[in-house]
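Please review the structure below with attention to the ligand and its surroundings. The briefing that accompanies it is arranged by topic.

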Amino acid sequence: MDPNRKVALVTGAGRRVGRALALALGDAGCRVAVHYDTSGKDAQETADLINSLKPGSEAAVFKADLEHPTEVESLANSVLERFGPVQILVNNASIFDRTGLADVTTESWDRHFAINVRAPFLLAKAMNSQLTEGANGKIVNLNDWRTARPTRFAYGVSKTALSGLTRSLAVTMAPGVQVNEIALGAVLPPEDIPLDRPREEIKTNLGPADRMGTLNEVASAMLMLIQNDFITGETINVDGGRHLV
Ligand SMILES: NC(=O)c1ccc[n+]([C@@H]2O[C@H](COP(=O)([O-])OP(=O)(O)OC[C@H]3O[C@@H](n4cnc5c(N)ncnc54)[C@H](OP(=O)(O)O)[C@@H]3O)[C@@H](O)[C@H]2O)c1
């Protein structure tokens with residue numbers, strides 16, 4: 001697929017990884033739906049950056065709390081109204097709770113599954129119903145190398161379920177839509193850890209590449225998956241080999 005002028009929806013696109021992906025899609029000529037929940041100001045900034053990238057670049061912001069199916073549905077409808085059917089869906093929004101088996105609560109478990117799995121599922125379902133027969137589409141799900149060894153229960157198991165969703169969608173949305181996932185290693189440390197200590201911790205555990213990934217490396221993997229029409233149901237580890245050790 002040539003991403004130029006395609007309609008792309010990126011969830012959680014106000015900040016961090018999501019913003020980098022939205023900007024890369026804007027730079028590739030997409031009309032970008034910048035989704036956010038709490039980061040309205042950042043999302044508007046992302047959209048403004050895309051709108052100023054080059055002539056023809058276009059973006060608009062859309063708010064939705066992805067925990068609630070009705071808001072996911074409204075998001076899909078609002079993007080359809082503004083831009084037309086979504087041709088590129090990037091499921092980036094996610095929550096990350098570090099609790100293990102002893103401490104994980106049912107509330108946290110349900111929230112992780114609602115945001116990390118159900119919302120991507122509902123957005124894919126909406127995309128499936130919007131695209132006309134024979135139209136080409138792409139879904140890229142943001143996953144984590146940790147699904148190779150899930151220890152953070154609600155997060156790890158929800159992301160493992162996202163892998164299952166990726167493969168199921170790849171089969172059921174074929175041949176028009178290719179569905180893949182990018183399993184990231186450390187790119188940006190979570191914001192709730194103080195930076196001096198965790199950077200050291202992360203450094204001891206970075207895997208073969210022995211460094212953190214860059215936002216450009218994540219964006220170029222996403223663009224490759226969008227441009228290639230013969231890869232589907234695949235997990236691309238963008239983690240410097242972290243899943244191997
Ligand atoms: N950062 C890394 O190094 C790393 C490593 C491995 C995997 N990943 C994966 O890569 C993706 C992006 O990582 P990240 O660190 O940039 O993510 P993040 O900062 O933890 O979260 C991304 C966005 O998710 C949105 N979000 C959270 N709860 C939401 C809800 N209820 N409704 C709607 N949106 C919600 C937030 O949007 P608002 O701010 O607008 O509320 C947030 O900005 C995630 O899927 C993550 O699992 C990242």
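The points below concern the ligand site and one pair of helices.

The model is predicted. In it, 28 residues surround the ligand, and the protein buries 89% of the 880 Å² that the ligand exposes when taken alone.

**Polar contacts of the ligand**
- A polar backbone atom of Asn92 lies 2.8 Å from an oxygen atom of the ligand.
- For Ser94, a polar backbone atom is likewise involved, at 3.3 Å from an oxygen atom of the ligand.
- Lys159 takes part through its side chain, where an N or O atom is 3.0 Å from an oxygen atom of the ligand.

**Composition of the shell**
- The closest of the surrounding residues are Arg16, Asp37, Thr38, Ser39 and Val187.
- By residue class, the shell around the ligand comprises 13 nonpolar, eight polar and seven charged residues.
- Two or more residues of the shell come from each of helix H1 (16-27), strand E2 (31-36), strand E5 (137-144) and helix H5 (153-172).
- Strand E5 gives the most to the shell, with three residues.

**Packing of H1 and H2**
- Helix H1, one of the elements that contribute to the shell, packs with helix H2 (residues 40-51) at an angle of about 20°.
- The axes of H1 and H2 are 9 Å apart.
- Because angles under 35 degrees count as roughly parallel, H1 is roughly parallel to H2.
- The crossing of H1 and H2 is right-handed.

Key. Residues numbered from 1 in each chain as written. Predicted model: local features only at pLDDT ≥ 70, side-chain atom pairs only at ≥ 80, totals over all residues. Heavy atoms only, no water. Near = heavy atom within 4 Å. Polar contact = N/O pair within 3.5 Å; in protein donor to acceptor, adjacent residues only side chain to side chain. Areas by Shrake-Rupley, 256 points an atom, 1.4 Å probe, with all protein chains shown as cover. Helix = DSSP H or I, 4+ residues; strand = E, 2+ residues; numbered from the N terminus. Nonpolar A, V, L, I, M, F, W, Y, C, P; charged D, E, K, R; others polar. Axes fitted to C-alpha atoms, helices over the stretch in contact; angles between N-to-C directions. Parallel < 35°, antiparallel > 145°, perpendicular 65-115°, else oblique. Left-handed = near helix turned anticlockwise from the far one by under 90°.
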